[in-house]
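Colleague: I have this model open on my screen and would love a guided look at its interior. Could you take me through the main nonpolar core and then show me what lies elsewhere?

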Amino acid sequence: MNENTLCRFQSPACVLCQRTDDCPEKYGEKRTYKEYNLTVHYYCLLMSSGIWQRGEEDEGVYGFLIKDIRKEVNRAAKLKCNICKKKGASIGCVAPKCKRSYHFPCGVQRECIFQFMEQFGSYCWEHRPVQKLPSDESRGSSQCTICLEFVEHFPMYNILKSPCCKNAWFHRDCLQYQALSAGVFFFRCTVCNNKDKFQNEMLRMGIHIPEKDASWELEENAYQDLLQRYQHCDARRCLCRNGRDYNKPDSKWEIKCCQCCGSRGTHLACSPIQPWEENWECIECRSIFTKSGNYQNQKKRSLATSEKIDVTGRLLEEPSPKCPRQSPGSQHGFLLRSPKMLYKESSCSGTLLDLPASNKMVMSISPLINSSSRNLSVRRMQLRIQKREAANILRELKLQVNNTKTTRLNINRDNIWSSALKGFRGRNFNPANTVEVKFTNCKGRVETDAFHGSKHEFFRLLMLHLQNSSLFEGSYSKNLSLDSQAIKENLYYEAGKMIAVSLVHGGVPPSFFSKTLFNCLVYGSENVKPTVEDVADFDVAQTIKMIKSSRTLASLKSTISDCYEYLTIAGCLRPMTTLCDKDMLVNDLLIYHVIKRVHSPFESFRQGLKTLGVLEKIQMHPDAFSSILCHKPERLSARILGDLFTIHCLSGVNKVKGVDFWMGYLQDVEGGESAATLEDILVFATGTSSIPPIGFEPDPSVKFLRIKYPVGNRQLNCLELPITKTYEQFKNKMDFAISSALRLEVE
């Protein structure tokens, strides 16, 4: 295909960032002005440092004059981007004395902050604003209240905290999509509904809140379905010649709906109901009231007073014709009447034979619920069994660790990844040696014993960093990403090696592998079929969905034409002769993006996992390892922690009283009556928020000593607790010690 044909399909590039991407969610609306030979992204224009809106809103481009845009392009052409090293960097960091410049897309990739307010300032990755964890809050995890995936309570670029709610944490991407959809009038905290304080903080942290109405308010006839009213006569014998759906208000052919359920109706002429009577009950609702004994207490209206009237052939004495009109094959159609039927079950003492024929099917709701509960319980039991199997396998692998030789890792809390990478690449590092971890503070000094770290804490922080690193992509279930710099530095191999060492040496598992990534490791990437959910790139996912949803051959060819460049790069471009060809194209795109594109990172990662024989065991026992690599650890409970810690007391100390205080505190924490969480207690004692697959070494213990405040000795996995006269004193000291220790770690 010649060069002219390629240019015809290629989208014009933005004059500021020189990218052809058309992604309104990331870069704002992309507009092309042929009369000015100008194409620009809205955000690139808005955030450029040397241009201001000097025109009206309808003048130039969004109020930016064409001559000003030309001047800004010329100014930026002299500036080199500090990220991609190319010219045209129109955005500069506003921090004093900082001279970094970059393109808008490069800044997004490097996690810069762009404030869409006031002066529209931009901050580079070093000077960007950060959120601080309040001193009275402890580390833990909770669900993002938008996507419902779990997030760690640790402020970072991709994780933001609500300024108005204590335990409300969000993914940045989730907040941005919600802001674009809700607009300035409806974007607010999803927990407490606060608007002003929430929006101010999100604007400070770089969330763009467009000044527009919500998308659901702009959609034409968005609420049309809610305005529809049931219009059908369900009388056994309809007298209307125009049919059961005919409705003429203020006449005998007006349709009245049941006052209780609203899902049954009748013409006034087809039932003994007077025009001035506002309420009417269908036979099903009447039967419920009759069975419950409340029917006589109802006001006598319309058909409720007609027991003495002979209305044979006109009364609704059998199930209405509405039921057969439900979609054929629907197995759950009866659930539409479930509220009514559940009320009937709870209010009457009749057996199944006493119920009307139309209601008997509803009795299967309870077995369905019980069956679902049983399936969930069985699945949880299977996961526990599989996790125990994985733990036994890892204990076997740990036998190869030499307890007489030690490898010491000096870890800087402020830079976990760099210091871990330096340690793992050290000439003296041997994964078969016992690992000893020493944490240093920001000044490079080894931490005191009072706040000494442990290898459990190190592996927890390392797995958390890997989960949020550029090596992986996805919301929670993650696949490998393509990072060229990481390939050059062989970081994928190191990541696999770190995960293998963590598993064997008693660290926490990553628990964020997607099923697709795990299956590739076990069965080989050539035997795995990815899905659209595995595609983390929004633009690519939308392209695949558009191809998949094409209804005609013409629309399919049009979609392919729009994404011609990407299909060419992916090597998936092929002529479409029938609509069925789209399925093969979608499959090829998924395999390319999820598997072939990351073949090199995958092979390196796979080699790293071979450390200490971990990958071989994963392939031999896929079900067992899937339970710890693809599933979150079991949620802690007071019973689990109570069984985990062995209790020791000094001679002369009332052990029963101490045990009562300890177990009572665990129950209070589980019940939400304390500022701490069960995960905080485990972190305080051991450095990790979940129980590693192979357990702790040494076993966690509780010692009651004559000390003033509790101490967590993470080297020994020991909680040293004070002896107090009252439980209230014990609880207050526990809360204070745990929150203080976790706050010091964050600081």
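Modeller: Happy to. Please keep in mind that this is a predicted model. The largest nonpolar core has 77 residues, and the members that touch the most others are F458, L466, L471, F513, F605 and L629. The element that gives the most to this core is helix α15, residues 491-504, with nine residues. As general background, nonpolar side chains tend to be buried together in soluble globular proteins.

Let us stay with α15 for a moment. The helix is mostly covered, with 13 of its 14 residues buried. From its first C-alpha to its last it reaches 20 Å, close to the 20 Å expected at 1.5 Å a residue. Just after α15 comes G506, which takes a positive phi of about 90°.

Now pick out L629, one of the core members that touch the most others. Setting aside neighbours within four places in sequence, L629 is in contact with L503, P510, S511, F512, F513, F518 and I618. Two of these names should be familiar: F513 is listed with L629 among the core members that touch the most others, and L503 falls within the 491-504 range of α15. Apart from this core lies another, made of 35 residues, including V15, V40, C81 and C106.

For a loop to look at, try V191, which is found between α6 (172-186) and α7 (196-204). Leaving out neighbours within four places in sequence, V191 is in contact with T145, C165 and A168. Its C-alpha is separated by 9.9 Å from that of I146, and the two residues are 45 apart along the chain.

Finally, move to the open sheet of four strands, whose order is β17-β18-β20-β19, with mixed pairing. Its edges are β17 (646-649) and β19 (711-713); each has a single partner strand, so one side of each is left without a neighbour in the sheet. On average, neighbouring strands here are turned by 20° against each other, direction ignored. At one edge, β17 pairs with β18 (residues 701-705) in the parallel sense over four bridges. If you want a residue pair to click on, H648 has K703 in β18 as its bridge partner. Towards the other edge, helix α26 (residues 678-686) lies across β19 and β20 (718-722), running at about 105° to β20.

Conventions:
Residues numbered from 1 in each chain as written. Predicted model: local features only at pLDDT ≥ 70, side-chain atom pairs only at ≥ 80, totals over all residues. Heavy atoms only, no water. Core = buried A, V, L, I, M, F, W, Y, C linked by side-chain atoms within 4.5 Å. Buried < 20%, exposed > 50% of the residue type's maximum accessible area, 1.4 Å probe, protein only. Helix = DSSP H or I, 4+ residues; strand = E, 2+ residues; numbered from the N terminus. Contact = heavy atoms within 4.5 Å. Expected span 1.5 Å × (residues − 1). Pairing = 2+ DSSP bridges. Axes fitted to C-alpha atoms, helices over the stretch in contact; angles between N-to-C directions.
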